[in-house]
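Let's walk through how two chains meet, and which charged pairs turn up along the way. Have the structure open as you read.

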2 protein chains.
Amino acid sequence: MSEVVVTQLSVSLDGYATGEPQTLEQPMGHATGRLHEWMMPPDQPGGGRTRDGVDGAFAALGWDGSVGVEIMGRRKFGPQSGPWTDEEWQGWWGPRPPFETPVVVLTHHPRPTLHLEGGTSFHFVDASPAEALEVARGLADGRDVRVGGGPSTVRDFVAAGLVDRMHVVVVPILLGRGVSLWEGLEGLEERYDVETVVSPASGVSHLTFVTKH
Amino acid sequence: MSEVVVTQLSVSLDGYATGEPQTLEQPMGHATGRLHEWMMPPDQPGGGRTRDGVDGAFAALGWDGSVGVEIMGRRKFGPQSGPWTDEEWQGWWGPRPPFETPVVVLTHHPRPTLHLEGGTSFHFVDASPAEALEVARGLADGRDVRVGGGPSTVRDFVAAGLVDRMHVVVVPILLGRGVSLWEGLEGLEERYDVETVVSPASGVSHLTFVTKH
């Protein structure tokens, strides 16, 4: 049975998954790349998923072909808001995005589907989390559905009880402001078992939430 | 050289160190005892610090005679606010508190010093963090000063740059509301090295903050 998963969602010790403000030059705001150094060492620009050990294992989670579709919020797709003034923007990732699957982009302003290189297509949908999940399952070819972010999108899906497994990375820095992953999720531990492991290399904590049965 | 330390400060994954509301019956509000089960197993009521392994080691931190005085906020001493209507209240801990040292209680409403059994005395002081620390050092007999809580008191001392070492326990539950430890401490990682270890028995994370040199 295919599952709904979250992977590599990195937050600061105070729960912020992005800083502010989000701009074209700095999608993570004042967080810059600090939440993702555990998988992308700063001394290896463009090196991508190059870590070894537990960080390397968690960086690869869900990138093994098990995920058949990704759902993301519009702010993960781009910095624009409101109606599209043009449709030139094809996402942050250039002509060949890393997803290599269909991607459902949640937006109140749908536009035609984009087909890019490597198998990635962006489908723009104005829908509730449950409705979007139905659309995504239809595109997933029986594989897992990843809720890819940003944090408010993940929060909405978790709050709606739609997420089966979630990998959250707690980075020991204090951002102080930004978009919180945890807001409104009081009592989450009643629905999930939580396992934590610390990476001795990077110092981050990898938390795995699995739905209780 | 004596240091200023914080020990056994437990917070939820979303950063709350107490729930709400604080009452005479439930000092931790809706958090109840959940933030402290790692050191006080719920099946051993009144058992105190009974854990083994890494939880037991961290539960004993600072209770080995190295601490000569504790500083606490008024809300850690009692649930009252404003002027004291009577001075019967002697703290949450009964006639023999566990501190066995002088304790400086921060309050805008000073009252006479209380001397209780076992060596604990409560000194009521209306002072800034830096001033209170001077008072505390004068009572510490050359030993360490512990900032004992609550969270807003710890936050004030950390923000003022007065804390040398801090042991924080992150419990994998989401309280959703209460008093946050982290608010206003953006960039704390620039001043402290942070080490994290997970307890395999309880599942909590023990974080040790040590001032960078």
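A salt bridge here is a side-chain nitrogen of Lys or Arg within 4 Å of a carboxyl oxygen of Asp or Glu. With that in hand, look at A:E189 and B:R34, whose side chains meet in a salt bridge at 3.3 Å, N to O. Keep in mind that this is a predicted model.

## How the two copies sit

Start with the symmetry. Chain B lands on chain A after a rotation of 180° with 0.0 Å of shift along the axis, and the RMSD is 0.0 Å. So what we have is the relation of a two-fold axis. Both copies use the same surface, too: 100% of the contact residues of chain B recur in chain A.

## The contact between the chains

How many residues does each chain bring to the contact? It's 25 from chain B and 25 from chain A. Together the chains bury about 1,800 Å², and 60% of that comes from carbon and sulfur atoms. On the chain B side, B:L13, B:L174 and B:E186 stand out: they supply 35% of the area that chain B buries against chain A, more than any other three residues.

On the polar side of things, eight residue pairs are in polar contact between chain B and chain A, counting pairs with both residues at pLDDT 80 or more. Which strands of chain B each supply at least two residues to the side that touches chain A? Those are β10 (192-198) and β11 (205-211). The biggest giver is β10(B), with four residues. Sorted by type, the residues on this side of chain B come out as 14 nonpolar, six polar and five charged.

## Salt bridges across the interface

Over all chains, the structure holds 14 salt bridges. Four salt bridges run between chain B and chain A, and the A:E189 to B:R34 pair joins side chains from both.

Another pair to click on is B:R177 with A:E186, where the side chains meet at 2.8 Å, N to O. B:R177 sits in the loop between β8 (165-171) and β9 (179-180) of chain B, while A:E186 sits in the loop between β9 (179-180) and β10 (192-198) of chain A, so this salt bridge joins two chains. Are these two residues buried or partly exposed? B:R177 has 31% relative accessibility, so it counts as partly exposed. A:E186 is partly exposed as well, at 41%.

## Salt bridges within chain B

B:R177 has a partner in its own chain as well: its side chain meets that of B:E20 in a salt bridge at 3.9 Å, N to O. B:E20 lies in the loop between β2 (16-18) and α1 (53-60), and B:R177 in the loop between β8 and β9, so the pair ties together parts of chain B that are 157 residues apart in sequence. B:E20 is partly exposed, with 35% relative accessibility.

For a buried example, try B:E70 and B:R146, with their closest N and O atoms 3.1 Å apart. B:E70 belongs to strand β3 (residues 67-73) and B:R146 to strand β7 (residues 144-149), and the two are 76 residues apart. B:E70 has just 2% relative accessibility, so it counts as buried. B:R146 is buried too, at 5%.

Finally, salt bridges can share partners: A:E20, A:R177 and B:E186 are joined that way into one network. B:E186 is also one of the three residues that supply 35% of chain B's buried area against chain A.

Note on methods
Residues are numbered from 1 along each chain as its sequence is written. Chains are lettered from A and ligands numbered from 1 in the order in which they are written. This is a predicted model: local features need pLDDT of at least 70, side-chain atom pairs count only at pLDDT 80 or more; totals for chains, interfaces and linings use all residues. Side-chain values use heavy atoms; hydrogens and water are left out. Contact means heavy atoms within 4.5 Å. Buried area is the accessible area (1.4 Å probe) that two parts lose on being put together, summed over both. A polar contact is a pair of N or O atoms within 3.5 Å; within protein, one must be able to donate a hydrogen and the other to accept it, and residues adjacent in sequence count only if both atoms are side-chain atoms. Ala, Val, Leu, Ile, Met, Phe, Trp, Tyr, Cys and Pro count as nonpolar, Asp, Glu, Lys and Arg as charged, and the others, Gly among them, as polar. Buried means under 20% relative accessible area, exposed over 50%, partly exposed in between (1.4 Å probe, protein chains only). Copies are superposed by least squares on the C-alpha atoms of residues with pLDDT of at least 70 in both.
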